[in-house]
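Q: Hi! Could you walk me through this one?
A: Happy to, let's put it up first.

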Amino acid sequence: MQSESTRAAGDILAYRYSVYDLLRRIFLWEVPLEFFAELVKASQAELAGETCSSSAEGPLKNYLNGLPPDDLSEIHREIHIEYTRLFIGPKHLPAPPYESVYRSPGRLMMQDETINVRSLYAKHGFRVTRMNREPDDTVGIELEFMCALSKASLDALQEGDTRRVVEFVSAQREFCELHLSKWMPEFCGDIIGNSTHPFWKSVAEFTQRFLEEDAAEMNAVLEQLGRSCKDGDPNPKLSVGCCS
Amino acid sequence: MKRERRQFLKGLVGGSVALGLGFSGLRFLEALPAEGAVPAAEKIFRTGHNTNCDGACGHQVHVVDGRVTFIEGAGWETNIDGRAAQTFNPRICLRGLSQIQNTYSPDRIKYPYRRVGPRGSGQFERITWDQATSAIAENFQKIQTQFGRESVWIAPYTGALSLLEGVIGASFRFASVIGASAGDFEGDNEGDSAGPAAFNYMLYDPTAPANSGGLLDGHEYTDLLNAKVIFLWGNNLAETSIPDWRTVCDARNNGTKVISLDPRYTPTAAGADLWVPVRPGTDTALIDGMMNWIIQNKRYDEAYLLKYSVAPFLVHPKTKLFLKHKDLVPGGANKYVVFDERDRTIKRYDDPTLTRASLLGTHSFGGLQASTAMQVLADTMSKFTPEYAAKITDVAPETVVHLAQLYAGNHPAAIKCGFGLSHWHRGDLTHQALLTMATLTGNIGVQGGGVTIMSGALLSNAFSGLGNFWNPDGKKWVPLQPMAACDAMLFGKPYPVRAAWFMIDNYAQQMADRNKVLKALKSLDFLVVSDYVLSATAELADIVLPACTYLEKTDLLGSFNYYLQYMPKVIEPMWESKSDLDAFGLVAQKMGVGQYFQKKPDDYIKDVLAIGDPKAPESVRGLTWEQLTSGAYRLNLPAPYVPYADKKFATKSGRIEFYVESLLPYDQEVCDYKEPIEASPNNPLYQKYPLVFLSTHTRFRTHSQYANLPWLKEINNNGEGFLEINPTDARARGIASGHVVRIFNDRGWMKVRARLTEAIKPGVVNCYQGGWVTRQVKHYIEGHPNNLTHQIANPAQSIVPNFPSNAAYYDCLVQVEKAEG
Amino acid sequence: MSKRWGIAIDQNRCIGCWTCAVACKAINNQPLGTYWNRILTSRPNENAPTTAPATLAIDVPHGTFPDVQLAYQPTSCQHCQNAPCEKVCPVNATFRREDGAILVDFERCIGCRYCMAACPYGVRTFTWGEGQYAPEFAVGYGKDYRSAGRLVFTPQRPIGVAEKCTLCVERIDVGKQPMCVDACPAGARVFGDLNDPASAISVSIQQQGGRQLLSELGTDANVFYLPVSRPNKVRS
């Protein structure tokens, strides 16, 4: 029988998993037209003409809500072109999606931060598939890492292995504190400041706010499970609001 | 803490399970192998730097954990056969050192792109290599079907000088197998072909195909140690070929005098024993003045002239062709004739009774008077008294004499030409004059002498398999020089060019007459550009392909010195970049000729060098693969290498032809000075545009490569271009250092800040070429030096199939005025 | 007798190409804008103003066309036998090795910058904050180096300490030459033991007459400049 706290934690973990998965897809642009269409459909079904008032999710959901559901191919293409312009190239990037660019103003990749991220991936049993050919600290990959750990934590929770849930969520918190929080706000700010496309602006706003909230969520989950974990909280609490 | 079960969107749980697009798993992360990540020790690779300069340095590349951490100069080995031929120091310059910044530049083009907005608008979308190569194949095929196979122009250039990727590389193989046209190597894009054309006039049969001119047969630079005097003529090797300055200094320690002839006081001039600021474009008149002094004072080498040149051959006074025996005697042979001083008769030059041929003189035959070629030369030069030469060249008469004394009075005397001489409409004539003067003094084919444009370039000695590499199954590309290609794009003559593929080539910026070039490129139906940064040319492309830098692909460097430098792949290609060879292979596959690109780079290298073939040329005989890949070995050639040491010349006569029959239609059979096409004070245009506009090569870039690297930019005025102008000219225009000035003529204009300096001759201004003008990076305030230059071709060069035209960048007049802002 | 390491720079050969300066940046992983070695220009056989910034235009000669002259003066720490910087350091972070190298102990330096004020050559740099690097990962030597236990080189430029040319002690201590000497493409630099009269550096100073910068200040530099002399100079 699941305890109240476990169920609450499960809800949080499931949500986080779905969001990290969505965000990593968006930032890696693994968003074929069909998926985008379903995203719009689901958003419109949910809001049913209303406006979403959540400060984090609102802009994105409201944008999706306002799209004509039958004729998305042109819009989808425009979003893709803007994605290329913002994050890929071939010109100088308004929002280079690499942590190392933001961590030192040299605006270059393949730095020591890249190697630090690589070590953290390795610590948890992962490595990038294109070693030294795509930086480990690309935003989409960092989000994929968070997504993978999210899924792992959710699986562990469903198996009742609280220790491992704590392990995975703690790893996420460590990654957020050491890496994501140090650059994502500025990165999202650059998207907002350099794009006139409502999709990307709202994605950036959502990402920024979500990461802020997620810091608190991770602490909440760890606190919850710490109470139900026999050995107590194995990890000392890191500072709250690390993503701000 | 109670919470509603949250979902971002209903129905979008856990990666859209509901849509059947379940958690797709990890795309960019994978499980670490069990043993974990082990940090690698440092590895060191040896490679050659195949960039566009004479240095051809060897690099030791330090790699830690798959990243390049340092580059320094690498050592050199013996000759292939083990003989220790010479001491050759490790060499590198600031540009080689900065290659880390180049390979890891954030400006690298990472993926293939397709243009989505108007050409030049800079709007691209990312596509896959598969999509890109399909688009190229389809469009090429469509255009070739509609307009002819040659309407697709493959355009490699000198951005890389290695075998597979560079200016002699796989581009020509690809062009051959699809029947396309292709820009020839060392064509006229940079204005380098005037010198080789002249070598062809005088030392080869100019009409013979596939002939490299003096580019491949310069003296090995270490031969400068043997010279008693070195003339660095229009050459600034202290900036452009820095490691060879060491050799010049070593020679000087042995007493060699170093003369620099240049309208600018360059670092080379600053280090010389004598600097002569010649009026630009008039060097031929100076050389003619020197020759006149040499002839008048009998300081020529008579024996050499008689034996190795056409000097004693008689010239028909009416036809101006060489007089032949059959012109004198019915049924006579088609042989040259000379005047025998002993029995005072005209006879065949190979007549066994010939005692002593007359060098100078005019002799009667059949009521006509025939002069020796030497006499024709002497007569033509006779007007170039020191005073006459001085008036044209701004070199004092006593200096003209002094230079002649230095050249003729020191033997051997070496002339190293720079492209400062070649970037002129009559650059061919200047080299013709230098070769003539070298012939007069017996300096051709002599250790410590010679006229050298470049040394060892492209090692035609060693690449015996090159023909097969370029022309598999006998297929040949259609030669189309870069300047002619521009006209083909715009006017459809000699045939239309509707598509082009540029690689290692920044045509849109570095080619003369930029406004014309941009019009031409914009008129194309289809444009493909391979590059590693978004150059001005890549910005215009329909398809942009990400290229590798030299550290990311296998190749062979054999140019500018006589060493073979194997270039291993040091790191994996960054992003999705591919070598040009791979790119060609992918497109060739889709065009149905993929069988010509099945081999690996190492295999092609083995083929071209004929490794293991007992019939390989002597220069590489015995070379094993292991040897090639273990260090940089020198060809089995005497050191230092001296071309024409056997004094055998592939001309019609077998001798040095300073009298050139094929140039008669152009009034250029001997090297009589002719005015520049534009940059002469005698040109009426001079009243409007009184300044000669140079655009020389700076040490802080290699043409347009590396222009944006931080280490080089920060020591080069932060990358910002400037105009060098003499204070006399500046003051007359109210210009002070730092003022923004406008440089203009009828073809275009540009703006930069002025830098006043006494290091340039009044009447001459200079703005370093190679700065970028792209949508995002502008190294000049507005415009570009090539907005001012032109593409007027010299018809005389048309007699040389390989070098039929030349971009005369420096033969250019401008006016300068202070600009607002 | 202990070694006295020195560098002789032949101004006949130096063409101001900046290769030595870029090599120094690369081997020491210096941020943009920092020059331990900078190329100044002067009239031949005069000293360039040593406090001139690195970015002052080079290649602009003295004199009036066509009578112009120019010499290049690469300028970095002179490793003085009688070093003003060593005297003023309040914490003995700047110290002199027996073989002549003047070094900074990064673990002791408190960043007071008295040494920078004392140095008449302007060759010390101070890292105020996070520098800009390109590429960002540590290039060059890439490791810490200690001399007699003191940290005299570290691959990431430490903030708030004074730094300068280290004479590449991590290289010379294993028998190599300083990077600037190895990299010079013109062969203008000679490194060796000034206490050994037969060494190449001693011979070249003796034969060509090497001069020290600002010798009148009594710093007794270990860097010598071989004067511009044109024995083959041709009068025109």
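Q: How many residues do chain C and chain B each bring to the contact?
A: Chain C brings 49 residues and chain B brings 54, where contact means heavy atoms within 4.5 Å. Before going on, some ground rules: this is a predicted model, local features need pLDDT of at least 70, side-chain atom pairs count only at pLDDT 80 or more, and totals for chains, interfaces and linings use all residues. Residues are numbered from 1 along each chain as its sequence is written, chains are lettered from A and ligands numbered from 1 in the order in which they are written, and side-chain values use heavy atoms, with hydrogens and water left out.

Q: Thanks. What area is buried between chain C and chain B?
A: About 4200 Å², and carbon and sulfur atoms give 62% of that. Buried area here is the accessible area (1.4 Å probe) that two parts lose on being put together, summed over both.

Q: Which three residues supply the most of what chain C buries against chain B?
A: C:Phe65, C:Phe137 and C:Asn232, which supply 16% of the area that chain C buries there, more than any other three residues.

Q: And how many salt bridges does the rule find across that interface?
A: Three between chain C and chain B. The rule asks for a side-chain nitrogen of Lys or Arg within 4 Å of a carboxyl oxygen of Asp or Glu. One of the three is C:Arg13 with B:Asp250, whose closest N and O atoms are 2.4 Å apart.

Q: How many residue pairs are in polar contact there?
A: There are 18 such pairs between chain C and chain B, both residues at pLDDT 80 or more. A polar contact is a pair of N or O atoms within 3.5 Å; within protein, one must be able to donate a hydrogen and the other to accept it, and residues adjacent in sequence count only if both atoms are side-chain atoms.

Q: Which elements of chain C each supply at least two residues of the side touching chain B?
A: Helix H1 (19–28), strand E3 (62–64), strand E4 (67–69) and helix H5 (179–183) of chain C. H1(C) gives the largest share, six residues. Helices (H or I, at least four residues) and strands (E, at least two) are DSSP runs, numbered from the N terminus.

Q: Changing topic: which salt bridge joins chain A to chain B, and where do its two residues lie?
A: A:Arg77 pairs with B:Glu125, the closest N and O atoms being 3.9 Å apart. A:Arg77 lies in helix H4 (residues 73–88) of chain A and B:Glu125 in strand E6 (residues 124–126) of chain B, so the pair joins two chains.

Q: Is B:Glu125 buried or exposed?
A: B:Glu125 counts as buried, at 9% relative accessibility, while A:Arg77 is partly exposed at 36%. Buried means under 20% relative accessible area, exposed over 50%, and partly exposed in between (1.4 Å probe, protein chains only).

Q: What about B:Lys383, which residue does its side chain meet?
A: B:Asp672, in a salt bridge at 3.2 Å, N to O. The two are 289 residues apart, with B:Lys383 in the loop between helix H12 (373–381) and H13 of chain B and B:Asp672 in the loop between E25 and E26 of chain B.

Q: Which residue does B:Glu720 pair with?
A: B:Glu720 forms a salt bridge with B:Arg753, at 3.3 Å between the closest N and O atoms. B:Glu720 sits in the loop between helix H24 (710–713) and strand E27 (722–725) of chain B and B:Arg753 in strand E29 (residues 748–756) of chain B, so the pair ties together parts that are 33 residues apart in sequence. B:Glu720 is partly exposed at 29%, and B:Arg753 is partly exposed at 37%.

Q: Backbone now. Where are the cis peptide bonds to B:Pro494 and B:Pro640?
A: One joins B:Lys493 and B:Pro494, with omega about 0°, and B:Pro494 lies in the loop between helix H18 (482–491) and strand E20 (499–503) of chain B. The other runs from B:Ala639 to B:Pro640, with omega near -5°.

Q: What is phi at B:Arg344?
A: Near 55°, a positive value in a residue other than glycine. B:Arg344 is found in the loop between strand E13 (337–340) and strand E14 (345–348) of chain B, and is exposed at 57% relative accessible area.
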